[in-house]
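Visitor: Hi, could we go through this one together? I'd like to jump between a few spots as they come up.
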2 protein chains.
Amino acid sequence: MPVKEQEKPVVLDRSLGIAASLGKSLSDENRLRILLSLCDGKKTVSAIVEEMGLSQPLVSHHLKELRRCLLVHVERKGLFVYYEIADTRVIDIIGQLACLATDLLSRRDSF
Amino acid sequence: MPVKEQEKPVVLDRSLGIAASLGKSLSDENRLRILLSLCDGKKTVSAIVEEMGLSQPLVSHHLKELRRCLLVHVERKGLFVYYEIADTRVIDIIGQLACLATDLLSRRDSF
DNA sequence: TCAATATATCAATCAGTGTTGATGTATTGA
DNA sequence: TCAATACATCAACACTGATTGATATATTGA
């Protein structure tokens, strides 16, 4: 499959490392679920725990990873800690990943 | 940060697993470099080895992972095995990942 | 100050993965 | 059939990361 000219962005060469780091954050289904859940707005850890059906330490662990990649913002209000999506573009990217993945799969299964 | 209504795609709930699987493939810098290198067109393993400066078994290993996620096509021609990108949308996604990552980083560093 | 709640961290386990060097396999040409 | 080349696989290692249960920390209200 020939690729259009200049399809490869040149500027990327230096940012591939951090791009891979972001990819790592998006490589776990629980983290993707958490990010999608935060589309509704900022939520407390306990709300996420209840919604995901995961243990509280596990949710904290994943939130820490999302924080490490700056994908979420944190805000403390009294007893509660609120997490929210830092940049909604990540939701677009997740959507494209899922769309591409299903396309690749269905394309293979149809042969 | 309030999020637009219906920003979260509903259909995704079932494809999050494979989306995460794709994310895992994009979580290694060497694999991203290989994918970008394949933008020039199909290449042999030895060509990729030389271009990347990685060992041949390591390149084969990463190509196997890209194959597992159906991100590349393989074609044997005599002694040589040619790899090519299966769907160029993955290049767009890598670009968006890198762009988002640099934005998030610069936004943090400016405070 | 104390009890209660929310969240983070710790310790431990287990599976997975990136990397390397050695070896195996497949294809071609002589 | 044999040698040479291209590629894949294997064995081993270190390292990371997901998960769990226990414990620590922080905040509030009494």
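Visitor: Which residues is Ser15(A) in contact with, leaving aside its neighbours within four places in sequence?
Guide: This is a predicted model, and in it Ser15(A) is in contact with Ala98(B), Ala101(B) and Thr102(B), once its neighbours within four places in sequence are left aside.
Visitor: And where in chain A is Ser15(A) found?
Guide: Ser15(A) sits in the segment before helix H1 of chain A, the helix that covers 16–25.
Visitor: Buried or exposed, that Ser15(A)?
Guide: Ser15(A) counts as buried because 22 other C-beta atoms lie within 10 Å, where the cut-off for that label is 20 or more.
Visitor: OK, switching to Arg76(A): is that one buried or exposed, and why?
Guide: Arg76(A) is exposed, because it has 8 other C-beta atoms within 10 Å, and the label applies at 12 or fewer. Arg76(A) belongs to strand S2 of chain A, residues 72–77.
Visitor: How many Å apart in space are Arg76(A) and Thr44(A)?
Guide: Their C-alpha atoms are 9.3 Å apart, although Arg76(A) and Thr44(A) are 32 residues apart in sequence.
Visitor: Now the DNA: which residues come nearest to strand D?
Guide: Of the 23 residues around DNA strand D, the nearest are Thr44(B), Val45(B), Ser46(B), Pro57(B) and Ser60(B). Elements giving two or more residues to that surface are helix H4 (56–68) of chain A, along with helix H3 (45–52), helix H4 (56–68) and strand S3 (80–85) of chain B.
Visitor: What gives the largest share there?
Guide: H4(B) does, with 6 residues; by class, the surface near DNA strand D has 10 nonpolar, 9 polar and 4 charged residues.

Terms used
Residues are numbered from 1 along each chain as its sequence is written. Chains are lettered from A and ligands numbered from 1 in the order in which they are written. This is a predicted model: local features need pLDDT of at least 70, side-chain atom pairs count only at pLDDT 80 or more; totals for chains, interfaces and linings use all residues. A residue is near a molecule or strand if its C-beta atom, placed from the backbone, lies within 6 Å of it. Helices (H or I, at least four residues) and strands (E, at least two) are DSSP runs, numbered from the N terminus. Ala, Val, Leu, Ile, Met, Phe, Trp, Tyr, Cys and Pro count as nonpolar, Asp, Glu, Lys and Arg as charged, and the others, Gly among them, as polar. Two residues are in contact if their C-beta atoms, placed from the backbone, lie within 7 Å.
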